[in-house]
Amino acid sequence: MKKFNIRKVLDGLTAASSSSSSATAQPGTPRENDVVQETLQSEHFQLCKTVRHGFPYQPSSMAFDPVQKILAVGTQTGALRLFGRAGVECYCQHESGAAVIQLQFLINEGALVSALADDSIHLWNLRQKIPAILHSLKFNRERITYCHLPFQSKWLYIGSERGNIHIVNVESFTLSGYVIMWNKAIELSTKTHPGPVVHISDNPMDEGKLLIGFECGVVVLWDLKSKKADYRYNYDEAIHSVAWHHEGKQFVCSHSDGTLTTWNIRAPAKPAQIITPHGKQPKDGKKPEPCKPILKVEYKTTRAGDPFMVLSGGLSYDTVGRRACLTVMHGKSTAVLEMDYPIVDFITLCETPYPNDFQEPYAVVVLLEKDLVVIDLGQIGYPIFESPYPLSIHESPVTCCEYFADCPSELIPALYSVGSRQKRQGYSKKEWPISGGNWGQGTQTYPEIIITGHADGSIKFWDASALMLQVLYKLKTAKVFERARGKEEKPSTDIVDEDPFAIQTLFWCPESRMLCVAGVSAHVIIYRFSKQEATTEVVQLLEVRMQSEFSEADSPDPGGEQTPTLPTSAASSSPQEAEPPNQLTAGVNSSEGARDNIPCLQVRSSPLKQSPGYQVELVVQLVWVSGEPPQQITSLAVNSSFGLVVFGNSNGLAVVDYVQKTLLLNLGTSELYSPSDPCQRQPRSPRKPRQPSGGFCDSNDGSNNSEDRCKSPTSAKMSRKISSSGEQKLDLEDRSHRWSPWLCKWPVGSMKNGKLAARMTRKLNVHKTKSDPHRYGKDNAFTRSRSSSVTSIDRESREAISSFYFCESFPRKSGSLASPCLLVGTTQGSVMMVALSLQPGGDQKLQQSLSFASCGTLVQLKGGILTMALLDAAGTMLPPSCEVWYDPNASDEEKEKEKTRRRRPATPPSSQEGQDSQFAVLCSEKQANVVAMPSQTSIYKHNITETSFVLRADVVQMAGAYCIACFCANGHIMTLSLPSLRPLLDINYLPLTDMRIARTFCFSNLGQALYLTSPTEIQRITYSQETCDNLQEMLSELFTPVETPEAPNRGFFKGLFGGGAQSLDREDLFGETTAGKASRSLAQHIPGPGSMEGMKGAASGVVGDLARARVALDERGQKLGELEERTAAMMASAESFSKHAHDMMVKYKDKKWYQL
């Protein structure tokens, strides 16, 4: 019997898996038979969040530390955002996700208390770079409504919905036995419940007196020592907020009827003053008409002038539709400041943290629903400060996003120089008042740029270097088009109900600085970068007719002169043959009334003044075809070396020469397949058989003379429009000399009536590629189409273009010379190669000729193609050739200098017979594949996911090597080595909960990635182990040691007669020895992960011990310094007192008592 050898079986399985699938390979370990020695290991990868940028989504509360100069914002989703100086930001999250109803800083202590809607309070430690919760307290029987923490106190007052007030020690987070019950606070004769506690504050001059405001309109001044109410103040209207005068003799209440009542604390019978800031005063002396509630009021005094009274709300009810306002009352003047969004909260910033001193307000921080505004109170007109934070990401909703790490270093200064001229004027001249914290000390120095496309057609460039974010430059693409002045003027050719200028996808070449954007109205705009201003008299326009191949309007082609390879619809039959080409956009069939040859948007006809920055080179618009709207563009690519733009949609693809302003190619998806291609999709409707004598399309675009082709169009009626066709038909003889023999086997396109068109299939399930962040367009608001003549089943089954990649490869199998090619990926997993034949006619690019030929299907994968790339034999990525940027508006001499250093396409690599010199990397929604070129042999294949699908995939550089980074719909982030496709990282990070994440998720080089975590915030993550290790150093510090300002001097007479602030020994009053223990069932104490109990389990190692020791040492040194200063001050005071006493004794020593 033959001996069974398990080792040989395993070896056979390993060999088989290496050629078909790498799923069975050991993760992170290289194989012995790898064709390229790979250096990336699983140890190079680790996933973690880095920073979050943007405006806090759905803000609910705010607090400010006047000594540390730190602002905290809480949100309805339990998030906590902290802001300091420009570049100092921090994000934290409460685990419960409950709304943050109030925030209280422990001023200059590096701590923050947060109260949540789930009746829990938390103590955050801000002395570490990533804040952590030290303690939590969860109330079981009471609903928290208001919190108050007096300055330099460790006892936190908590008001409840029942009207009771509990007291918490913030050091131990334990409840005191001292409780103020609502039935003891109000009068015994009151029969109704006063409602929830809406305000708590202590008298600025007497810490033993606590002011309690109940919702019903009752205010109680409670004596903490005697445990009884000193005074009760009653008003008919509900109370929203209360504010003290700093002397503690008066307070102001804001009410639900828009009134402000001022009370003297010793006169509870009636208010000293009642005013309605926005109410109309009747002449007969009656009570003013009620207004909207004043939600908050603050009363701040100044040493030199009148006090400030700042309030929100209180507008008259007849101001319907008026925006939210902040009112600033100063002396006899009242300023009403309109805001763009509703006011959530506001805080008046003052010079002193002490409530019993003149406040000296200098600014107001206003938290709006979608913005943060800081108003300068020190300047006439109350101008706002210019915000240094990236809070305008959501100025218009983000529709797509791209991330470029380690881009050319000169790009950021260039973009900043043109963007600095766009800044608004009229800001305050003072520095931003929120100036706390320090920047991180990271070693990450490479430049990073983020580009965001928006719903209003704008594009923003952001500097994202060193974990910061700053806007560099803003481009408004809508300036190219005419705007409808009203809804009645809205063109009927729109294919979207709103936001017709929204950015669908974009492509940016950092080296050549070429920018190409595609909008939802089926338009493409090509931009060049220039540092000089220019005025474009006529916007260059190219209209392209992309026709649905299987539309119901199609019919078998009639005989005659028509080319059989171009089926046309009834709306574009013989009557239009006689029309001249300048009637392109005016063509509407009169019998059926179907829109035809009409673009969705109207390009502006007046001269366009273009500021320095990105300037329009060419506008390409798809037109309506026989009543069918053009399909939105799903993929986009630019090659600056050839001056080409290629774009595709659910109908097919088109190639445009943006230098010559001509359409070179217009193909249906099915025409990319060769006739013998096994992957070809057959039409489902009867068609006439194609004839082999189909016409060709080249860069002549209907003209044999290259000189004529170079001239700009000059038609009388359509001088600003560049026709995509000519009137003459090209015969095969005139064109064949431009094509090599092997190119002639494939019909590229056809000409009819001088109009270049092709049969195009339609499909609505748009898939996302590297240049297409709008995955699943049918779920997106920007893909609504008004009409459709195909069934939903047909839509789902048709093939769309999903990805492009320009490269220099081997178009023929087993070829020996590489040439320019275009890889085309489709939504049904086909990857096809199109050869580009460059025939230069001289030194000028304007005289070169380009030809195209399809080479059939390269490979077939499961799922739509997401990304493609090309590696050389050593595993290094071969980027598409591009030219170095030059200023198109520069002088001729400067252009000549630029041409000398302009990069031309590299010499095509050659391949020895029988040897592969390139690897084509292809990734779809389900699989990754590496194909050796030119043999076109699939050498590695990996099934990424079986049960889910990949949303985004990019070929990125990591640690000097390349890999594929993937983000799946099930939340997994994975990386695969190249070319062997070994799994290096697989972490379940973020399940797809919102299509916004799928639309904006993108990877970049060096382990960086980002996505829009909310409509207003960008979350950046890293999958690099090195970045994770250095993250602590790179993050900014929130807490910096700052000396607390000196307390206000009480003065000699106030100290002598007791007129100054009265202190209270709260420890003696609220401590366990006096007040006893609180009920255990009232609240539950939960140690946080940042507390000592949590740190004992979580923190380990020498690094953690050293960090804690350093923090403790800093704190000890700071306290010793403060103690030394206080001791010196006391010694000086004692010496002064001794000297005065000696002088008094000498003066009155020898006098009798009656002589005094």
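Strand β58 and strand β59 (residues 972–977) pair in the antiparallel sense over five bridges. Strands and helices here are DSSP runs, numbered from the N terminus: a strand is a run of E with at least two residues, a helice a run of H or I with at least four. Two strands count as paired if DSSP finds at least two bridges between them. This is a predicted model, in which local features need pLDDT of at least 70 and side-chain atom pairs count only at pLDDT 80 or more, while totals for chains, interfaces and linings use all residues. Residues are numbered from 1 along each chain as its sequence is written, and side-chain values use heavy atoms, with hydrogens and water left out.

**Around β58**

Within the pairing of β58 and β59, Cys-963 stands opposite Ser-977 in β59. The hairpin of these strands has three residues between them, and Gly-971 takes a positive phi near 100° there. A cis peptide bond runs from Leu-978 to Pro-979, with omega near 5°. Pro-979 itself is found in the loop between β59 and β60 (983–988).

β58 also has a partner in β57 (residues 950–958): the two pair in the antiparallel sense over eight bridges. Here Gln-957 stands opposite Tyr-962 in β58. Two residues lie between the strands of this hairpin, where Ala-959 takes a positive phi near 50°.

How many residues of β58 (residues 961–968) are buried? Eight of the eight are buried, so the strand is largely enclosed by the rest of the structure. Buried means under 20% relative accessible area, exposed means over 50%, and partly exposed is in between, with a 1.4 Å probe and protein chains only. In a regular strand the side chains alternate between the two faces of the sheet. In β58, Ala-961, Cys-963, Ala-965 and Phe-967 point one way, Tyr-962, Ile-964, Cys-966 and Cys-968 point the other way, and all are buried.

**A link through Asn-1005**

Gln-957 turns up again beside Asn-1005, whose side chain reaches the backbone nitrogen of Gln-957 at 2.9 Å. Asn-1005 sits in the loop between β61 (1002–1004) and β62 (1008–1014), and it counts as partly exposed at 23% relative accessibility. Leaving aside neighbours within four places in sequence, Asn-1005 is in contact (heavy atoms within 4.5 Å) with Ala-405, Val-956 and Gln-957. The C-alpha atoms of Asn-1005 and Cys-407 are separated by 9.4 Å, although these residues are 598 residues apart along the chain.

**Helix α3 and Asp-463**

In helix α3 (residues 411–419), the buried residues are Leu-411, Ile-412, Ala-414, Leu-415, Val-418 and Gly-419. Seen down the axis of α3, they fall within an arc of 165°, so they line one face of the helix. That arc is taken from the directions from the helix axis to the C-beta atoms. The cover over these buried residues includes several strands, among them β30 (448–454), β31 (458–463) and β32 (470–476).

Strand β31 holds Asp-463. Which residues does Asp-463 touch, leaving aside its neighbours within four places in sequence? They are Ile-412, Glu-448, Met-468, Leu-469, Gln-470 and Leu-472. Asp-463 is buried yet has no salt bridge, and the nearest side chain of opposite charge, Arg-1020, is 7.7 Å away. For this purpose Lys and Arg count as positive and Asp and Glu as negative, while His and the chain ends are not counted. A salt bridge is a side-chain nitrogen of Lys or Arg within 4 Å of a carboxyl oxygen of Asp or Glu. The side chain of Asp-463 does make a polar contact with the side chain of Ser-465, at 2.8 Å. A polar contact is a pair of N or O atoms within 3.5 Å; within protein, one must be able to donate a hydrogen and the other to accept it, and residues adjacent in sequence count only if both atoms are side-chain atoms.

**Positive phi in two loops**

Here are two residues other than glycine with a positive phi.

| Residue | Phi | Loop | Relative accessibility |
|---|---|---|---|
| Ala-466 | about 55° | between β31 and β32 | 36%, partly exposed |
| Asn-597 | near 60° | between β38 (547–548) and β39 (608–610) | 5%, buried |

**Another hairpin**

Strand β43 (residues 652–657) pairs with β44 in the antiparallel sense over six bridges, and Val-656 stands opposite Leu-663 in β44. Seven of the seven residues of β44 (residues 662–668) are buried.
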